[in-house]
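Please walk me through this structure, with the cut-offs behind each term spelled out.

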Amino acid sequence: MAEYKQHQRLFDRFDENRDGKISAEELQQCVHLIGKDMSYEEAKATVELNDSDNDGLLDFEDFVRLIEGGSEEEKAHELKEAFRMYEMEGCGCITPESLNRMLARLGETRTIDECKGMICRYDIDGDGLLNFNEFEIMMRC
């Protein structure tokens with residue numbers, strides 16, 4: 001259930017015009033926001049490859065299949081890439097400040113105290129930071 005909610009929140013972020021579908025343009029823009037490059041042609045090909053009803057758009061189910069697809073090795077690589085985006089400071093951990101900056105890039109406004117609280121839930125060693133193992137646990141919940 002938590003994973004479903006996570007997917008829905010991410011889908012809603014990508015669906016900028018709130019039509020319940022993600023276009024190639026929306027996919028390209030959101031991928032760019034998280035610090036990755038994707039050409040329009042790549043976005044269009046990704047949509048076409050995952051579009052189950054051939055309307056040129058991704059509905060929620062298509063989107064979930066897209067983000068859950070791939071081998072375990074690909075998933076592990078994507079998780080490491082996501083960690084690096086949140087980590088930002090080169091210290092090997094996600095700090096409240098780096099979490100705050102990444103959430104702001106994704107359009108979510110949080111205070112540093114709220115970010116500390118988010119980190120605290122998964123901070124197994126109690127250092128106030130998220131290392132990769134803690135991040136992995138958080139993402140799998």
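How far is the sulfur of C120 from the closest cysteine sulfur, and in which residue is that sulfur? The distance is 13 Å, to the sulfur of C115, and this is too far for a bond, since a disulfide is a pair of cysteine sulfur atoms within 2.5 Å. C120 has a relative accessibility of 57% and counts as exposed; here exposed means over 50% relative accessible area, buried under 20%, and partly exposed in between, with a 1.4 Å probe and protein chains only.

This is a predicted model, in which local features need pLDDT of at least 70 and side-chain atom pairs count only at pLDDT 80 or more, while totals for chains, interfaces and linings use all residues. Residues are numbered from 1 along each chain as its sequence is written, and side-chain values use heavy atoms, with hydrogens and water left out.

The structure holds zero disulfides. C30 is in none, as the nearest cysteine sulfur, in C115, is 20 Å away. With a relative accessible area of 4%, C30 is buried.

C115 and C120 also belong to a helix, α7 (residues 112–120). Helices are DSSP runs (H or I, at least four residues), strands are E runs of at least two, and both are numbered from the N terminus. The axes of α7 and of α6 (residues 96–105) come within 8 Å and cross at roughly 110 degrees. Axes are lines fitted to C-alpha atoms, for helices over the stretch in contact, with angles from 0 to 180 degrees between N-to-C directions. The two helices, α6 and α7, are therefore roughly perpendicular, a label for angles of 65 to 115 degrees; under 35 is roughly parallel, over 145 roughly antiparallel, and the rest oblique.

On the α6 side, the contact (heavy atoms within 4.5 Å) is made by P96, E97, L99, N100 and L103. On the α7 side it is made by I112, C115, K116, M118 and I119. By class, this contact has seven nonpolar, one polar and two charged residues. Ala, Val, Leu, Ile, Met, Phe, Trp, Tyr, Cys and Pro count as nonpolar, Asp, Glu, Lys and Arg as charged, and the others, Gly among them, as polar.

Two loops each hold a residue other than glycine with positive phi. R18, in the loop between α1 (2–14) and α2 (24–33), has phi near 60 degrees and is exposed at 57% relative accessible area. N54, in the loop between α3 (40–50) and α4 (60–68), has phi of about 55 degrees and is exposed at 67%.
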